[in-house]
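Here is a short note on the structure shown below. The points are numbered for ease of reply.

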Amino acid sequence: MMYGWDGSWGIGGWIAMGLMMLLFWGGLVTVVILLLRGSRSGGRGFYGPLHDDSERILNERFARGEIDETEFNARRDALRRRP
């Protein structure tokens, strides 16, 4: 007779399994969210430079003649100083 000892972990096993299940599903959800955010950023990474589009628009405005060279340089410098 084993007197109730069958080699199981008892309540500790249930707690350990529950915690491991939470870690697994939480990690899986985190990976999926990070992948979805990365695909929406256009391949620039999660914290890529935000002024790329602004500088592109500024360059286009300068090329079309909407702004002159002094205004172009002033705005470009202001964009590059932004954090």
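**Notes on the predicted model**

1. Leaving aside neighbours within four places in sequence, E55 is in contact with L79 and R80. The model is a predicted one, and the contacts of E55 make a convenient place to start reading it. E55 sits in helix α2, which covers residues 51-64. Its relative accessibility is 14%, so E55 counts as buried, the cut-off for that class being under 20%.

2. One of the two contacts is also a salt bridge: the side chains of R80 and E55 meet at 3.3 Å, N to O. R80 belongs to helix α3 (residues 69-81) and E55 to helix α2, so the pair ties together parts that are 25 residues apart in sequence. The acidic partner of this bridge, E55, is buried, because its relative accessible area is 14%.

3. How many salt bridges does a search of the whole structure find? The search finds five. Besides the R80 and E55 pair, they include the bridges described in the next three points.

4. Within helix α2, the side chains of E60 and R56 meet in a salt bridge, with a distance of 3.0 Å from N to O. Both residues lie in that helix, four residues apart, which is about one turn. E60 has a relative accessible area of 32% and is therefore partly exposed. R56, at 42% relative accessibility, also counts as partly exposed.

5. In helix α3, E71 forms a salt bridge with R75, and the closest N and O atoms are 2.7 Å apart. These two residues are four apart in the helix, so about one helical turn separates them. E71 is partly exposed at 28% relative accessibility. R75 is partly exposed as well, with a relative accessible area of 40%.

6. A network of salt bridges links R61, R64 and E66. I would list these three residues together in any table of the charged pairs.

7. Where does N73 lie, and how far is it from L58? N73 is placed in helix α3. In sequence, N73 and L58 are 15 residues apart, and in space their C-alpha atoms are 9.7 Å apart. N73 has a relative accessible area of 25% and is therefore partly exposed.

8. Turning to the surface, I11, W14, I15, M17, L19 and L22 make a nonpolar patch of about 740 Å². One of these residues, W14, lies in helix α1, which spans residues 11-40. Is W14 buried or exposed? W14 counts as exposed because its relative accessibility is 62%, and the class begins over 50%.

9. For the chain as a whole, the secondary structure comes to three helices and zero strands. Read from the N terminus, the order of elements is α-α-α. The chain has 83 residues, of which 10% count as buried; E55 is among the buried ones. The exposed area of the chain is about 7400 Å², and carbon and sulfur atoms supply 66% of it.

10. To restate the main items for the record: the R80 and E55 salt bridge joins helix α3 to helix α2, while the E60 and R56 bridge lies in helix α2 and the E71 and R75 bridge in helix α3. The nonpolar patch includes W14, a residue of helix α1.

Notes:
Residues numbered from 1 in each chain as written. Predicted model: local features only at pLDDT ≥ 70, side-chain atom pairs only at ≥ 80, totals over all residues. Heavy atoms only, no water. Patch = residues over 30% accessible without salt bridge, like charges linked within 9 Å, V, L, I, M, F, W, Y side chains within 5 Å. Areas by Shrake-Rupley, 256 points an atom, 1.4 Å probe, with all protein chains shown as cover. Salt bridge = Lys/Arg side-chain N within 4 Å of Asp/Glu carboxyl O. Buried < 20%, exposed > 50% of the residue type's maximum accessible area, 1.4 Å probe, protein only. Contact = heavy atoms within 4.5 Å.
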